Amino acid sequence: MIPMGLLCWEARGFGQREGVMGDRDWLSVTAEELVAGAWAASTESGAMFASPPTAVDRLEGFARSFLLAAIRIAGDEGQPATWCTHYKDALAAGVDPTHPDAWPPQTHHGQVTVEATAIAVALHLSRPWIWDQLEADVQQRLLDWLQGDHWSADNNHVLFGALCQAFCLREGRDVDPTPIWAALDRIEEWYVGDGWYTDGDGRRFDHYNAWTFHLYPFWLLDLLDPDGDSTAARRELYRQRLRTFCDGYRHLFADDGSVVAMGRSLIYRFGVLAPFWMAELEGCSPLAPGETGALARRCVEHFVGRGAIVDGLLSLGWHGPHASVLQSYNTPGSPLWAAKGFLGLLLPAGHRAWADPAGTTTSGAAPVVHSGPQWLTYSHEGDGIVRLLNMGSDGHPAVDDPLYRRSLYSSATLPCLEPGWADQSIAPVGGRHLGRTSGVVRPDSGAEQVRWLAQGREVVVDHAVAIVEGVELHVARCTGVVGIPMAVGGWHVPDGLPAGLSVIHHDGVDAQLESREDPDTALGATSVARVVVTSHGNELRICWATALGAAMEGMADLVAGLDVQWKDHGAVLVSESRRILVAFVTGRRRWAADSGAQRVHHWD
């Protein structure tokens, strides 16, 4: 059933609101429309989604939409009252073992714990209007369901089980707080600076920093110590990190509201807004008054205006539905983790976040160094597209995942997901990625060393990139490549977006230009070019340029007449008017090898 008082999605449609709305009202109505879609997709009791085949997947749809509704309820002090009644009834059904919509129990390393955490957070945020109004027996059954002693994946999931336990502890259950603190201590081992955490051991940097690592620690401290005295120092540490993170993370957003697309779980879309709202809630935002609200509206409008919502639900895709960007754990309810992008509705209408912003841009032409993940973000004034030079994120060691391991990403492109196409990278054709051994970004350049396995031999690639007027100038030295074809790739771009690839110099033979067209991707029809070069010796040196969008206009003039002077630790690119140093990684400690399999976390 669709909530009373909400306009039906089909009847109204996105963007058909009357008059001019402020950012808070606009986001509030959007949240209402998403809740309406979730109710329409639910069973009669409201405790589950109706269509997915498994109970866990049906629970996911309820849990994440309940979180969105709870944020809206809490921000409007218990309104709409009909929502509170609906969710009290749904919660009672979910924990009733005799009900057809009874929720499955938590298990080791299981998805139910993730959804239980969403429910616990929702209950925490809306406590006076939902939790406190539940019958005592329903409360106890909910605590029974939330409480448990389960192993979790040794990544961001360590915070989920801890939060369920913390909620039960807050409600007077006999819970040992030691594992909760152990989870908070565990993420300290993943902190790399600049407000960034890697998602488990290794170097896995993505948007999980936004919608997990900078949210749950604050909620855990709220539950562990409601008055805050015993956790004040730790909270201040988290605030400092959050402020630093937001100050850098803002540069991953383009002026049109799009965000750099890299990493897994992209279907959560505007969940990326969560840390900006948490910074406002915690009083540590580096953004000017009104800037957070304006950014949030632009980001949500970017996705919703491009077809992200289908039949009232966020679709399984990026803009519209598309299976190419999905992970194995995605179900119809998964995209509703975007609920975290509405945390700003907890702020009253008069809050600084909703003021009229003095400026509305978050990107700029000057490169920005993110030393923690070893990223460099930059844009070109002619197109506003944000580019990300990645010299640090490496993903899972056993998987050559394009969403983690490419050298360049942007807010207007997605990497080529076809195996073997090394867009924005250099790799042996048919090779297997063995991982980055080191990487660094500098104020206008970056470098990495990558190991590959090809034809039974190890290939070592030293690769460096300099950014000049938005153009990427690449140099690479590949060793162990005798007889092995090496491919350098350009940008993987949707139709209509200019991009270019130009080889400036190489000392190999048989250079072949190849291209690939993909008519059906999450961005529509796309294409990518690469050049394959085979060395006549055991070492290949190659220099090339890539450009995207408006930067294409100056690429030809930039590379014309460039002479490549190779050095032991890189190259100098020289023309009549320029002298550009492009240096490899030198003298850096090798990064520790990551585990080849997912660990589990438990405190015993």
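The following conversation concerns confidence, one pocket and one sheet in a predicted model.

Student: What is the average pLDDT of the chain?
Tutor: The chain of this predicted model has an average pLDDT of 92, and 93% of the residues score at least 70.

Student: Where does pLDDT stay under 50?
Tutor: Residues 1–18 stay under 50 throughout. For that stretch the model has 34 contacts beyond four places in sequence.

Student: Turning to the second largest pocket, what is its volume?
Tutor: Its volume is about 410 Å³. The pocket is lined by 29 residues, and those closest to its centre are Gly148, Asp149, His150, Gln165 and Pro179.

Student: Which elements each supply at least two residues of that lining?
Tutor: Strand E1 (152–153), helix H7 (158–170) and helix H8 (178–188) each do so. The largest share, six residues, belongs to H7.

Student: And how is the lining divided by class?
Tutor: It has 14 polar, 12 nonpolar and three charged residues.

Student: Now the sheet with E21, E22 and E23: is it parallel or antiparallel?
Tutor: The pairing is antiparallel, and the three strands form an open sheet in the order E21-E22-E23.

Student: Why is one side of E21 and of E23 left without a neighbour in the sheet?
Tutor: Strands E21 (563–567) and E23 (579–583) are at the edges and each has a single partner strand, so one side of each lacks a neighbour in the sheet. From one strand to the next, the twist averages 20°.

Student: How many bridges join E22 and E23?
Tutor: Strand E22 (residues 570–574) pairs with E23 over five bridges, in the antiparallel sense. Within E23, leucine 581 is the bridge partner of valine 572.

Note on methods. Residues numbered from 1 in each chain as written. Predicted model: local features only at pLDDT ≥ 70, side-chain atom pairs only at ≥ 80, totals over all residues. Heavy atoms only, no water. 1 Å grid on protein atoms, 1.4 Å probe; cavity = no way out; pocket = protein on both sides within 12 Å on 5 of 7 lines; lining within 4 Å. Points joined across faces, edges and corners; volume = space filled by probe spheres on them. Helix = DSSP H or I, 4+ residues; strand = E, 2+ residues; numbered from the N terminus. Nonpolar A, V, L, I, M, F, W, Y, C, P; charged D, E, K, R; others polar. pLDDT = per-residue confidence, 0-100. Contact = heavy atoms within 4.5 Å. Pairing = 2+ DSSP bridges. Axes fitted to C-alpha atoms, helices over the stretch in contact; angles between N-to-C directions.
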